[in-house]
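Hi,

Here is the structure I promised to send over. My notes on it follow below.

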Amino acid sequence: MRDAKSVLASQNIETPSWAFGNSGTRFKVFAQEGVPRDPYEKIADAAQVHRFTGTAGSVALHIPWDKVDDFGELAAYAAEQGVRIGTINSNTFQDADYMLGSVCHPEPGIRRKATDHLLECIGIMEAVGSDDLKLWFADGTNYPGQDSIAARQDRLAEVLAEVYGKLGERQRMLLEYKLFEPSFYHTDVPDWGTAFAHCAALGDKAEVVIDTGHHAPGTNIEFIVAVLLRAGKLGGFDFNSRFYADDDLMVGSADPFQLFRIMHELALRGAVGAGSGIAYMLDQCHNIEPKIPAVIRSVMNVQEATAKALLVDHGALEAAQSAGDVLGANAVLMDAYNTDVRPLLAELREEQGLHPDPVAAYAASGYADKIKSERQGGQAAGWGA
Ligand code: LRH
Ligand code: MN
């Protein structure tokens with residue numbers, strides 16, 4: 001119990017600035033009241049998640065969605081709010097020039113433009129004190145023959161090498177893969193293998209990000225976790241959940257058992273909690289539900305899956321595995337998974353001086369009404385797609 005508590009107390013789940021803005025599908029973006037209008041208000045909302053969970057001390061930014069005149073000032077504001085700026089996400093998927101791709105585009109001029117954006121993101125990392133550059137490319141094609149798959153890999157490798165060369169001593173690049181969407185025939189970084197191959201070719205500062213919504217249905221994601229961990233190439237997670245495609249729903253809401261299995265592979269290698277070197281991030285969109293409570297619930301879902309994983313009796317598990325005791329080994333895991341860890345987490349929060357129920361505490365704080373009344377006028381933040 002004590003060990004689990006100390007690991008849980010050191011856990012950090014980074015929240016995405018864009019989860020607090022308006023978001024939707026291609027059919028409709030349902031605007032909500034009180035939504036932030038700028039990165040400062042996004043950070044203020046993210047700070048509420050940390051205020052009530054004690055476990056969300058950093059905020060990921062997305063450029064240009066979170067562009068400001070003075071990033072140093074934004075970082076200072078974040079510190080005042082009790083959080084820090086974490087991962088810097090590049091965006092080479094919304095400019096008109098990127099219709100046929102960005103870093104993999106046939107035209108050198110377009111690739112140059114995309115590369116310059118990635119280098120600009122490194123500059124922003126220096127300004128806010130962030131060590132992580134997260135790269136996700138929408139690049140791909142929609143029809144067979146549209147472009148050379150191999151030539152696009154060469155273009156990608158060339159750009160990644162240039163950007164890698166510009167990383168500072170402590171900085172790293174996190175390469176995120178995605179099976180499809182917005183490209184529907186091939187995606188240039190579609191799976192962990194392709195991301196791993198590029199990162200291995202680049203060097204130690206390049207690692208892979210697993211977005212839990214970016215796999216073909218039925219993919220055993222915890223297998224990918226175990227393999228990348230073993231190879232020392234697991235840089236981070238974009239946690240969310242899905243029933244079908246990249247639904248970006250609250251992590252653990254669609255398949256809490258899968259989230260537990262993922263955290264189990266990490267706990268087996270002591271890779272949860274501070275010092276793991278793994279960026280645990282949420283990447284979600286709250287299209288119909290109130291955003292801040294949804295992010296709070298999501299952080300709690302990760303905490304619960306982590307707590308259950310930390311309760312797995314590793315000794316009994318190894319004994320059953322080496323004895324070939326199939327049912328015994330499975331039972332060890334299921335015992336932990338079927339353990340109600342909510343009392344443990346409520347106790348931990350009280351020990352941290354927090355309310356045992358973050359969702360109830362946020363609801364009682366009056367913050368939701370405060371932002372509804374204060375945030376009148378101006379342009380609500382969104383993806384601007
Ligand atoms: C792409 C993605 C990526 C982000 C975006 C917000 O689907 O997962 O991580 O840049 O969502
Ligand atoms: Mn993602």
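**Phe184 and the sheet**

Phenylalanine 184 counts as exposed because its relative accessibility is 53%, and the cut-off for exposed is over 50%. Keep in mind that this is a predicted model. Phenylalanine 184 sits in the loop between strand 6 (172-176) and strand 7 (186-187). Together with Leu179 and Phe180, Phe184 makes a nonpolar surface patch of about 280 Å².

Now the sheet. It is open and has eight strands, in the order 1-2-3-4-6-8-9-10, with parallel pairing. Strand 1 (15-16) and strand 10 (279-282) are the edge strands, and each pairs on one side only.

Two helices pack on this sheet. Helix 7 (residues 221-230) touches strand 8 (206-211) and strand 9 (234-239). The direction of helix 7 makes about 165° with that of strand 8. Helix 9 (residues 291-310) touches strand 1, strand 9 and strand 10. Its direction makes about 140° with that of strand 10.

Next, some of the pairings. Strand 2 (residues 58-62) and strand 3 (residues 84-89) run parallel, with four bridges between them. Leucine 61 stands opposite isoleucine 88 in strand 3.

Which strand is mostly covered, with six of its six residues buried? That is strand 8. Strand 8 is joined to strand 6 by four bridges, and the two run parallel. On the strand 9 side there are also four bridges, again parallel. Valine 208 of strand 8 stands opposite leucine 175. Valine 208 also stands opposite leucine 234 in strand 9.

Best wishes

Technical notes. Residues numbered from 1 in each chain as written. Chains lettered and ligands numbered in written order. Predicted model: local features only at pLDDT ≥ 70, side-chain atom pairs only at ≥ 80, totals over all residues. Heavy atoms only, no water. Patch = residues over 30% accessible without salt bridge, like charges linked within 9 Å, V, L, I, M, F, W, Y side chains within 5 Å. Areas by Shrake-Rupley, 256 points an atom, 1.4 Å probe, with all protein chains shown as cover. Salt bridge = Lys/Arg side-chain N within 4 Å of Asp/Glu carboxyl O. Buried < 20%, exposed > 50% of the residue type's maximum accessible area, 1.4 Å probe, protein only. Pairing = 2+ DSSP bridges. Contact = heavy atoms within 4.5 Å. Axes fitted to C-alpha atoms, helices over the stretch in contact; angles between N-to-C directions.
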